[in-house]
Amino acid sequence: TAFGSWPHSYLVAKRVARAQRLLAPGASLDEAAAGAGFSDQSHFTRHFKAHLGLTPGRYISLQRVA
């Protein structure tokens, strides 16, 4: 691969980043999952945690503290 990752991995990373941008201002988990192109919330949560090391719910709670 020319960019150091497989196309699917790149796409999932972009979707996770999009979900982060949606969650930061207050989107729900369902809205973020759909808005980032994940098929369902469980699929979204699995990839989010794999990429960032924390669940979307934990990410939201940390954003609110900051």
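**Reading helix 3 and its setting**

User: Which residues of helix 3 are buried?

Analyst: In this predicted model, the buried residues of helix 3 are Phe44, His47 and Phe48. Around the helix axis they cover an arc of only 105°, which puts them on the same side of helix 3.

User: What covers the buried residues of helix 3?

Analyst: One looks for the elements in contact with them. Here the cover includes helix 1 (7-23), helix 2 (29-35) and helix 4 (56-65).

User: Does one residue illustrate this? Is His47 buried or exposed?

Analyst: A residue is called buried when its relative accessible area is under 20%. His47, which lies in helix 3, has 17% relative accessibility and therefore counts as buried. Leaving aside residues up to four places away in sequence, His47 touches His8, Val12, Val16 and Phe38.

User: How is the length of a helix checked? What should helix 3 span?

Analyst: The expected span follows from a rise of 1.5 Å a residue, applied to one less than the number of residues. Helix 3 has twelve residues, 41-52, so it should span 16 Å; its end C-alpha atoms are 16 Å apart, which agrees.

User: Which residue caps the N-terminal end of helix 3, and which residue follows helix 3?

Analyst: To find a cap, one examines the side chains beside the start of the helix. Asp40 caps the N-terminal end of helix 3, with a side-chain oxygen 3.1 Å from the backbone nitrogen of Ser42. At the other end, helix 3 is followed by Gly53, whose phi is positive, near 80°.

User: How many helices and strands does the chain have?

Analyst: The elements are read in order along the sequence. The chain has four helices and zero strands, and its pattern is α-α-α-α. The radius of gyration is 12 Å, close to the 11 Å that the globule rule gives for 66 residues, so the chain is as compact as a globular protein of that length.

User: What box do the C-alpha atoms of the chain fill?

Analyst: A box is taken along the principal axes, and for this chain it is roughly 40 × 25 × 15 Å.

User: How much of the chain is buried, and what is its accessible surface?

Analyst: Buried residues make up 26% of the 66 residues. The accessible surface comes to about 4,400 Å², of which 56% belongs to carbon and sulfur atoms.

User: What share of the contacts joins residues at least 24 apart?

Analyst: One begins with contacts between residues at least 6 apart in sequence; in this chain, 40% of these join residues at least 24 apart.

Definitions and conventions
Residues are numbered from 1 along each chain as its sequence is written. This is a predicted model: local features need pLDDT of at least 70, side-chain atom pairs count only at pLDDT 80 or more; totals for chains, interfaces and linings use all residues. Side-chain values use heavy atoms; hydrogens and water are left out. Helices (H or I, at least four residues) and strands (E, at least two) are DSSP runs, numbered from the N terminus. Buried means under 20% relative accessible area, exposed over 50%, partly exposed in between (1.4 Å probe, protein chains only). The arc is that of the directions from the helix axis to the C-beta atoms. Contact means heavy atoms within 4.5 Å. A polar contact is a pair of N or O atoms within 3.5 Å; within protein, one must be able to donate a hydrogen and the other to accept it, and residues adjacent in sequence count only if both atoms are side-chain atoms. The radius of gyration is taken over C-alpha atoms; the globule rule is 2.2 Å times the number of residues to the power 0.38. Accessible areas come from the Shrake-Rupley method with a 1.4 Å probe; for residues, only the protein chains shown count as cover.
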